[in-house]
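Visitor: Could you pick one residue for a close look, and then walk me outwards from there through the record, the strands and the charged pairs? I would like one connected account rather than a list.

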Amino acid sequence: MAKTETTENIFKNVISHAKEYGFVYPSSEIYDGLQAVYDFGPYGVELKNNLKNLWWQSMTRLNDNIVGIDAAIFMHPLTWKASGHIDSFNDPMIDNKDSKKRYRADVLVEEHAAKLENVGKAAEGKALVEKLARLLESEDLTGVRQLIIDENITCPLSGTSNWTEVRQFNLMFSTQVGSVAEDASTIYLRPETAQGIFVNFLNVQKTARMKIPFGIAQIGKAFRNEIVARQFIFRMREFEQMEMQYFIRPGEEMNWYQHWKEARMKWHLALGIPQSKLRYHDHEKLAHYANAALDIEFEFPFGFKEIEGIHSRTDFDLKNHQELSKKKQQYFDPEINQNYIPYVLETSVGADRTFLMHLCNAYTEEVVGEGENRKERVYLKFHPAIAPVKAAIFPITKKDGLPEKAQEIVKMLKFDFNTVYEERDSIGKRYTRQDLIGTPFCIAVDHQTLEDNTVTIRHRDTTEQERVHINELKGKIGEAVSFNRIFEKL
């Protein structure tokens, strides 16, 4: 990336690029959009599906003891009573009286602590986060407001510290189910996908004949009424989670916590994310269900932020569901001849945040050439396995039988790889268009192709070109874009 650009400008460029080149659009944009809701375009949906498929296969194919489900979005409302969401799924909100803007109080403090860390005051920042955790743990909202005032934290818009009281806001969306409004029952759009796994724990264990330890994986939509939704698709009201709940014997949770902590970090690294841009962040304040928790964070242009959570959930969920439903949620362990409610180790990664991480990581601005030939080149440096389009096929001209020959190559490749065919504009412009969506290989068909069945492959990252026989294309591209290149590193 160009060193003269600020990280703020780089993120603006990423957002602009995402829309202009078909990755992400504002939802219902012709009606001026809907805040914090987005649609994924032609290349965005391919990238997102590649990431979801890769995660799914990493979980269910590389692990003999992990199976998947797809639970419904609507669940019995008592589910959310048992999980604690009805009583405690709240965010502390605070308003600035001058700008009329609402903020999450904890985020204001955490961002202030991050600024302290950036100017060499890491100890002060850490102490501030720890104090915030203690206040939230004791539900001292007055103390949280006082902390914001004492630290002279101001509204980014008004620049003032004219704050309201801090109050809790429940994040669940509610709706009614029933044919007659008067008889309708209140239900909720699920705020997480995990509970669909927990209520099906025994169904899956029995029908899939699973023995502990075993896991259940799921990819699905979740919904949270975020008051402060920002940073593009990082925090949205409708989002997608990739979660795996791993059921284990009580007392073994710390060993599995360490195992999945390392395994999930290795997965992100295998996809090409640099080690320098990833870090662990241990939770100062644990969720009500956890006895250990950490985040894997990525360094976005707007700072290190969570992309995945690893949580030791103990037996909280199954135990609460057992108490409220009056149905036993126990497992008989033949190895130790004992009945028990399993403990759970959770890995939960945001599909949309993973998408944004790879978009930010791939976005590359560089200056190439010298003198009069000096120009800026922008391209998306995706790992070939997740690139939306794997290969683009170009006839050099629209005549002399070259388009027909190029279409033969398209037919040969299209059932194995997502490909595109283009014959408009100069070859240089066509290369540039593919760079901008991250296509790793461009295949040029010229007059020599008609003579000896060879084509020129142009490589995205280096722009180097090589001449290969048509019969080599499927193997050469397949080798580079295969998920196996990633699985080998896990």
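**A close look**

Guide: Let's begin with Glu243, which counts as buried because its relative accessible area is 2%, under the 20% that sets the limit. Please keep in mind throughout that this is a predicted model. Glu243 sits in strand E10, which covers residues 238-248. Who surrounds it? Setting aside neighbours within four places in sequence, Glu243 is in contact with Trp55, Thr193, Ala194, Ile197, Ile216, Ala217, Gln218, Glu346, Thr347 and Ser348.

Some of those names return in the record. UniProt, in an unreviewed entry, gives the feature "binding site" at Glu243 and also at Arg104, Glu192, Phe239, Glu240, Gln241, Met242, Glu346, Thr347, Ser348, Val349 and Gly350. The annotated positions span 247 residues of sequence and are spread in space too, with up to 25.5 Å between C-alpha atoms. So Glu243 carries the annotation, and Glu346, Thr347 and Ser348 are at once its contacts and annotated positions.

Another annotated position, Glu240, takes us to the charged side chains. Glu240 is linked with Lys48, Lys52 and Asp352 in a network of salt bridges. Within this group, the side chains of Asp352 and Lys48 meet in a salt bridge at 2.8 Å, N to O. Asp352 belongs to helix H12 (residues 351-362) and Lys48 to helix H2 (residues 42-60), so this pair ties together parts that lie 304 residues apart in sequence. Are these two partners buried or exposed? Asp352 and Lys48 are both buried.

As background, side chains of opposite charge can pair when their charged atoms come close. The whole structure holds 33 salt bridges, and two further ones make a nice contrast in setting. The side chains of Lys126 and Glu130 form one, at 2.5 Å from N to O. Both residues lie in helix H6 (residues 122-137), four residues apart, or about one turn of the helix. Lys126 is partly exposed, with 48% relative accessible area, and Glu130 also counts as partly exposed, at 25%.

The side chains of Asp446 and Arg467 form another, at 2.8 Å from N to O. Here distant parts of the chain are linked, 21 residues apart: Asp446 is in the loop between strand E21 (441-445) and helix H15 (447-452), while Arg467 is in strand E23 (residues 465-469). Asp446 has a relative accessible area of 18% and is therefore buried, whereas Arg467, at 32%, is partly exposed. Strand E23 also has a partner: it pairs with strand E22 (residues 454-459) in the antiparallel sense over five bridges. In that pairing, Thr456 stands opposite Arg467. The two strands form a hairpin with five residues between them, and Thr463 in the turn has a positive phi of about 65°.

Now back to the annotated positions, by way of Arg104. Arg104 is in strand E5 and is buried, at 13% relative accessibility. Strand E5 belongs to an open sheet of three strands, in the order E5-E4-E6, with antiparallel pairing. E5 (102-104) and E6 (167-170) are the edge strands, each with a single partner, so each has one side without a neighbour in the sheet. On average, neighbouring strands here are turned by 45° against each other, direction ignored. Helix H5 (residues 105-118) packs on this sheet, touching E4 and E5, and its direction makes about 65° with that of E5.

Strand E4 deserves a last look. It pairs with E6 in the antiparallel sense over four bridges, with Asn90 opposite Asn170 of E6. E4 covers residues 90-95 and includes Asp95, which is buried at 11% relative accessible area. The side chains of Asp95 and Arg102 are joined by a polar contact of 3.0 Å. Leaving out residues up to four places away in sequence, Asp95 touches Lys101, Arg102, Asn162, Trp163, Thr164 and Arg167.

Note on methods: Residues numbered from 1 in each chain as written. Predicted model: local features only at pLDDT ≥ 70, side-chain atom pairs only at ≥ 80, totals over all residues. Heavy atoms only, no water. Salt bridge = Lys/Arg side-chain N within 4 Å of Asp/Glu carboxyl O. Buried < 20%, exposed > 50% of the residue type's maximum accessible area, 1.4 Å probe, protein only. Polar contact = N/O pair within 3.5 Å; in protein donor to acceptor, adjacent residues only side chain to side chain. Contact = heavy atoms within 4.5 Å. Pairing = 2+ DSSP bridges. Axes fitted to C-alpha atoms, helices over the stretch in contact; angles between N-to-C directions. UniProt positions renumbered as here; feature names shortened; annotations may be inferred.
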